[in-house]
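Visitor: Hi, could you walk me through this one? I'd like to ask things as they come up.

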Amino acid sequence: AFVRVNHPEMGVLELAGWPWKISGLDEPAQAAPLLGQHNPYVLGDLLGLTEDEIADLRSKGIIL
């Protein structure tokens, strides 16, 4: 019922897994993303902001 997950800041955590097993599917449990972890992907890849624009938002304290 529990799975071990590596968290980048907290180390190894034991989290509740799925209460059932489905043949052919991997255990989907994973640690939650860190605050701002996906900012480059969302702002750059999805929204088209340049690295300079993202750096400007970061320097102004708008994003992490």
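Visitor: How many bridges join β1 to β2, and do they run parallel or antiparallel?
Guide: In this predicted model, strand β1, which covers residues 2–7, is joined to β2 by 6 bridges, and the two strands run antiparallel. The connection between β1 and β2 is a hairpin that passes through 3 residues.

Visitor: Which residue in β2 stands opposite Asn 6?
Guide: Asn 6 stands opposite Val 12 in β2. Another pairing is that of Arg 4, whose bridge partner in β2 is Glu 14.

Visitor: What else links Arg 4 and Glu 14?
Guide: Arg 4 also forms a salt bridge with Glu 14, and the closest N and O atoms of the pair are 3.6 Å apart. Because Arg 4 lies in strand β1 and Glu 14 in strand β2, the pair ties together parts that are 10 residues apart in sequence.

Visitor: Is Arg 4 buried or exposed?
Guide: Arg 4 has a relative accessible area of 66%, and because the cut-off for exposed is over 50%, Arg 4 counts as exposed. This goes with the alternation along β1, where Phe 2, Arg 4 and Asn 6 point to one face and are not buried, while Val 3, Val 5 and His 7 point to the other face and are buried.

Visitor: How many salt bridges does the count come to?
Guide: The count comes to 2 salt bridges. Besides the pair of Arg 4 and Glu 14, there is one in which the side chains of Asp 56 and Lys 60 meet, with 3.1 Å from N to O. Asp 56 is partly exposed, with a relative accessible area of 34%, whereas Lys 60 counts as exposed at 57%.

Visitor: Changing topic, which residues form the nonpolar patch on the surface?
Guide: The patch is formed by Trp 18, Trp 20, Ile 22 and Leu 25, which together have about 470 Å² of accessible area. Ile 22 lies in the loop between β2, residues 11–16, and α1, residues 39–46, and Ile 22 is partly exposed, with a relative accessible area of 46%.

Visitor: Where is Gln 30, and what is it in contact with?
Guide: Gln 30 has its place in the loop between β2 and α1. If we leave aside the neighbours within four places in sequence, Gln 30 is in contact with Val 5 and Leu 15. Gln 30 is also exposed, with a relative accessible area of 63%.

Visitor: And Leu 34, what does that touch?
Guide: Leu 34 lies in the loop between β2 and α1, and, not counting residues up to four places away in sequence, Leu 34 touches His 7, Pro 8 and Glu 9. Taking Pro 8 from that list, Leu 34 and Pro 8 are 26 residues apart in sequence, while their C-alpha atoms are 8.5 Å apart in space. At 27% relative accessibility, Leu 34 counts as partly exposed.

Visitor: How far apart in space are Gln 30 and Leu 49?
Guide: Gln 30 and Leu 49 are 28 Å apart in space, C-alpha to C-alpha, and 19 residues apart in sequence. Leu 49 is in the loop between α1 and α2, where α2 covers residues 51–59. For Leu 49 and Met 10, which are 39 residues apart along the chain, the C-alpha atoms are separated by 31 Å.

Visitor: What does Leu 49 touch, then?
Guide: Not counting residues up to four places away in sequence, Leu 49 touches Leu 43, Gly 44, Ile 54 and Leu 57. Leu 49 counts as partly exposed, at 25% relative accessibility.

Visitor: Is Asn 39 buried or exposed?
Guide: Asn 39, which is found in helix α1, has a relative accessible area of 18%, and because buried means under 20%, Asn 39 counts as buried. With residues up to four places away in sequence left out, Asn 39 touches Gly 44, Ile 63 and Leu 64.

Visitor: Last one: which element has the lowest mean pLDDT, and which the highest?
Guide: Among the elements of the chain, β1 has the lowest mean pLDDT, at 86, and α1 has the highest, at 97. The chain averages a pLDDT of 88, and 95% of the residues score at least 70.

Technical notes
Residues numbered from 1 in each chain as written. Predicted model: local features only at pLDDT ≥ 70, side-chain atom pairs only at ≥ 80, totals over all residues. Heavy atoms only, no water. Patch = residues over 30% accessible without salt bridge, like charges linked within 9 Å, V, L, I, M, F, W, Y side chains within 5 Å. Areas by Shrake-Rupley, 256 points an atom, 1.4 Å probe, with all protein chains shown as cover. Salt bridge = Lys/Arg side-chain N within 4 Å of Asp/Glu carboxyl O. Helix = DSSP H or I, 4+ residues; strand = E, 2+ residues; numbered from the N terminus. Buried < 20%, exposed > 50% of the residue type's maximum accessible area, 1.4 Å probe, protein only. Contact = heavy atoms within 4.5 Å. Pairing = 2+ DSSP bridges. pLDDT = per-residue confidence, 0-100.
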